[in-house]
Structure formats: C-alpha cells, structure tokens
Amino acid sequence: MKTIEERLDLLENKMRQENFRSNTGLGNEVGYYVFDYDPADELKVRERIRELQETNTMLKFGYQLIVYDLYELILKLLQDEDVLDDLKDLEEEEGTDYVFASISDILKFDESDSLIVNYIVDNTPDDAVVFLTGVGKCYPILRSHKILNNLHQVMDHCPVILFYPGKYTGSSLHIFGEMKEDNYYRAFPIVER
C-alpha cells in the first residue's frame with residue numbers, strides 16, 4: 001500500500017503529462033477523476049495542494065492549476081447573495097436541516113443553473129487542471145456526486161480532480177470511509193491506493 005506522499009507524487013507526475021491534460025486514452029471524454037484518501041491524511045493533502053498552488057504551473061508545465069475549495073465557495077456565494085446572516089438566524093429558529101435545505105435551494109444545487117457550477121465554469125480558463133477540495137468541510141450540505149454530475153454536463157475543456165476524504169470504488173463514494181453517498185460512475189480513480 002502506497003503512502004499518501006507517494007500517491008501525491010504520482011498525481012503530480014500524471015498532471016505533468018500532456019496526454020493527461022488533453023484526455024488522450026479516455027475516448028476523448030473529458031477527464032473527471034477522484035483522488036480518494038484516508039481522512040486522517042487531510043492536513044498532508046491540504047499542504048501538498050497549497051505547495052502546488054504556489055508553483056507557477058503554467059511556466060513550468062504548461063497548465064494553470066485552479067483550486068476550488070467547495071466549502072469556501074459556498075460561503076462566498078451565500079455572502080454574494082447577502083443571505084449569510086439570515087441563515088444564522090434561521091438556524092436558531094428552524095434547525096440545521098432546514099438551513100441545509102435552504103442553502104441547497106438558494107445555490108440551486110439540484111438545478112441546471114447551479115450557482116457553484118456556474119461559478120466554476122465562468123472562472124476556469126481553457127488551459128487548466130481543476131482541483132475540487134473542501135468536500136469534508138461541506139458535508140452534508142453538498143454531496144460530491146451532485147457537484148460532479150452537474151459539472152460534468154457543462155464543463156468539458158479541462159480535467160477535474162475531486163479530492164475525496166474517504167473511499168471511491170469506481171462506482172460509489174464513501175465519505176470518511178464510512179457513510180455511502182449515491183453511486184457515481186463518470187469519474188476515474190486517478191491514483192490507486
């Protein structure tokens with residue numbers, strides 16, 4: 001079994017390959033990938049992503065690394081919609097489950113014009129590799145399979161890698177290695193454990 005450091009090294013090497021960024025070998029389908037990892041390795045994964053962000057990947061390797069922390073993006077969009085303070089009050093009155101449902105409605109998680117998906121599409125250049133992070137921080141507000149399904153339908157110009165604190169079997173996601181989310185079949189495991 002590989003260490004998290006070894007797996008992250010393999011991921012970096014794959015991203016540097018031109019055929020990875022052009023999606024060669026995937027039937028010309030845009031590459032959607034899952035990098036699953038033990039939740040205990042969260043801080044190591046975050047640190048490596050931060051190090052990669054600080055590297056000029058365009059100059060060194062010919063692509064831009066774009067990182068979207070889904071939790072931070074949810075907060076930004078709620079702030080942009082000017083509802084963050086209202087949601088705090090609403091949680092005290094109605095409870096957490098009601099607030100989660102309200103967030104889903106406000107940001108249109110289940111709709112074709114999802115604010116998160118639109119933000120990612122509008123802010124991602126053509127010559128990019130996209131990292132989606134923060135999955136554990138925004139669970140259960142946003143489920144990974146929903147963002148991948150919605151994004152897969154509208155963004156096809158660059159590879160997307162979801163960093164997943166849990167287990168991806170190639171057909172199902174198990175957040176934190178325990179709770180099963182809905183099945184998801186369109187992503188490839190990017191580095192085997």
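In the predicted model, the side chains of K167 and D36 form a salt bridge, with an N to O distance of 3.9 Å. This pair ties together parts of the chain that are 131 residues apart in sequence, because K167 belongs to strand β4 (residues 160-168) and D36 to strand β1 (residues 32-37). The two partners are unlike in their exposure to solvent: K167 is partly exposed, at a relative accessible area of 34%, whereas D36 is buried, at 4% relative accessibility. The assignment of D36 follows from the cut-off for burial, which is under 20% relative accessible area. Both residues also take part in a wider arrangement, a network of salt bridges that links R7, D36, K167 and R193. Across the whole structure, the search returns 15 salt bridges.

Two further salt bridges are centred on R48. In one of them, R48 is paired with E12, and the closest N and O atoms lie 2.7 Å apart. Since R48 is located in helix α3 and E12 in helix α1, this salt bridge ties together parts that are 36 residues apart in sequence. Both members of the pair are buried, R48 at 12% relative accessibility and E12 at 14%.

In the other, R48 is bridged to D9, with 3.0 Å between the closest N and O atoms. Here too the pair links distant parts of the chain, as D9 is found in helix α1 (residues 4-16) and R48 in helix α3, with their positions 39 residues apart. Unlike the buried R48, D9 is partly exposed, its relative accessibility being 38%. R48 in helix α3 is thus joined to helix α1 through E12 and through D9.

Helix α3 itself spans residues 42-53 and includes E42. With a relative accessibility of 19%, E42 is classed as buried; this value falls within the buried class because the class comprises residues under 20%. When residues up to four places away in sequence are not counted, E42 is in contact with Y37 and P165. Y37 falls within the residue range of strand β1, and P165 within that of strand β4. These are the strands that hold D36 and K167, respectively, the partners of the salt bridge described at the outset. Helix α3 therefore contains both E42, which touches Y37 and P165, and R48, which is bridged to E12 in helix α1.

Note on methods. Residues are numbered from 1 along each chain as its sequence is written. This is a predicted model: local features need pLDDT of at least 70, side-chain atom pairs count only at pLDDT 80 or more; totals for chains, interfaces and linings use all residues. Side-chain values use heavy atoms; hydrogens and water are left out. Helices (H or I, at least four residues) and strands (E, at least two) are DSSP runs, numbered from the N terminus. Buried means under 20% relative accessible area, exposed over 50%, partly exposed in between (1.4 Å probe, protein chains only). Contact means heavy atoms within 4.5 Å. A salt bridge is a side-chain nitrogen of Lys or Arg within 4 Å of a carboxyl oxygen of Asp or Glu.
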